[in-house]
Amino acid sequence: MSHASHITLSRYLIEKQREKQLIPADLRLLIEVVARSCVHIAVTIGKGALGGALGEAGSENIQGEAQKKLDVISNEILLDANEWGGHLAAMASEEMPLPRLIPHRYPQGEYLLLFDPLDGSSNIDVNASIGTIFSVLKCPDGVDMSSEAAAEQAFLQPGTAQVAAGYAIYGPTTLLALTVGDGVALFTLDRESGAFVLTQEKLTIPAETSEFAVNMSNQRHWEAPVQRYVAELLQGREGVRGRDFNMRWVAAMVADVHRILIRGGVFMYPQDARTREKGGKLRLMYEANPMAWLIEQAGGAASTGRARILDLAPAKLHQRVPVILGAKHEVERLVSYHAKPDE
Ligand code: AHG
Ligand code: MN
Ligand code: MN
């Protein structure tokens, strides 16, 4: 027996537009094309070694990280699918140094698409959850889009300017989480029909939690406020928090954020001594902003420890930031420790 609704992603988007005018036709096309790309990526991932999709690509991206074959394949799938529809002015990706302009043979649209084509790359070869993260902005009027280098300027908008954001998670089930600023909706991929079907709406993150996510192996590099906060969690019932905390770390932000949207929790990839030069580990435009908006739309909070992520004015496309997000009261507590570091 099936418990699913019969509301496909297309129908959801059309009805949202009818009710609340949040999704003009071009934005709907964009979201549907991104979703279709994610189905394509899911199919490729599903073939694993049989499809020749595992292993190293033998190249490095702009961040100096070794690319996996799937990083490159997923990036190509998203680029190819999105260039011809007439809905975009340009695309930017974690895997490319400069934005990709729309070829002149196609019409130009008013949106900008940003993505982390394959999140959690270190999970690929061990068959653990991975994902795709995306963010959509409007292309400002009057910016110079004549060259790839000039186009970077158009993307440098704060997270509050996003008009859509979401992720696909390729786990035991392929799911799509989406916000257009009216809460978070979750769609399940029906592998027979290839359609995403609405399975949960208005996801909410409880303000309280007893579960945290952080890579503990980085502990010695953290700043004092994070040291204090995590030490208090680890003290459990015997400490100031008076209760035990559980820990989870999937090492794919998509999977850790997804767990928090489903059952609550707090996620940290904080500033540490080794990433201070670069600004942090996670990327503002492809990871922090879309996830921060989803989390806020579900009633949670997202901060660097010192500022709301969505308020940050980006200085460059590949900017990195510290990320603390999830249960509101936990994020607020850790932010308050940053404000009074000597306590
Ligand atoms: P990506 O695979 O896109 O480079 O992102 C990996 C990120 C993020 O998804 C995850 O939270 C974090 O890196 C894991 O980092 P560690 O391996 O340092 O734990
Ligand atoms: Mn990533
Ligand atoms: Mn990635």
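Author: A polar contact is a pair of N or O atoms within 3.5 Å, and that cut-off is applied here to ligand 1 in a predicted model.

Reader: How far is an oxygen atom of ligand 1 from an N or O atom in the side chain of R283?
Author: A polar contact requires a pair of N or O atoms within 3.5 Å. For the side chain of R283, the distance from one of its N or O atoms to an oxygen atom of ligand 1 is 3.1 Å.

Reader: Which residue has a polar side-chain atom 3.4 Å from an oxygen atom of ligand 1?
Author: The side chain of D116 places an N or O atom 3.1 Å from an oxygen atom of ligand 1, so D116 satisfies the limit of 3.5 Å for a polar contact. The residue with a polar side-chain atom at 3.4 Å from an oxygen atom of the ligand is E287.

Reader: How much of the area that ligand 1 exposes when taken alone does the protein bury?
Author: Ligand 1 sits in the largest pocket. Taken alone, ligand 1 exposes 470 Å², and the share of this area that the protein buries is 85%.

Reader: Which element gives the most to the shell around ligand 1?
Author: The elements that contribute two or more residues to this shell are β13 (266-269), β14 (282-283) and β5 (111-119). With three residues, the element that gives the most is β5.

Reader: Between which domains does ligand 1 lie?
Author: In total, 17 residues surround ligand 1, with D119, S121, N215, M253 and Y269 the closest. Because both domains give residues to this shell, the ligand lies between domain 1 (3-200) and domain 2 (211-339).

Key
Residues numbered from 1 in each chain as written. Chains lettered and ligands numbered in written order. Predicted model: local features only at pLDDT ≥ 70, side-chain atom pairs only at ≥ 80, totals over all residues. Heavy atoms only, no water. Near = heavy atom within 4 Å. Polar contact = N/O pair within 3.5 Å; in protein donor to acceptor, adjacent residues only side chain to side chain. Areas by Shrake-Rupley, 256 points an atom, 1.4 Å probe, with all protein chains shown as cover. 1 Å grid on protein atoms, 1.4 Å probe; cavity = no way out; pocket = protein on both sides within 12 Å on 5 of 7 lines; lining within 4 Å. Sits in = over half its atoms within 2 Å of the grid points. Helix = DSSP H or I, 4+ residues; strand = E, 2+ residues; numbered from the N terminus. Domains from an automatic or database assignment.
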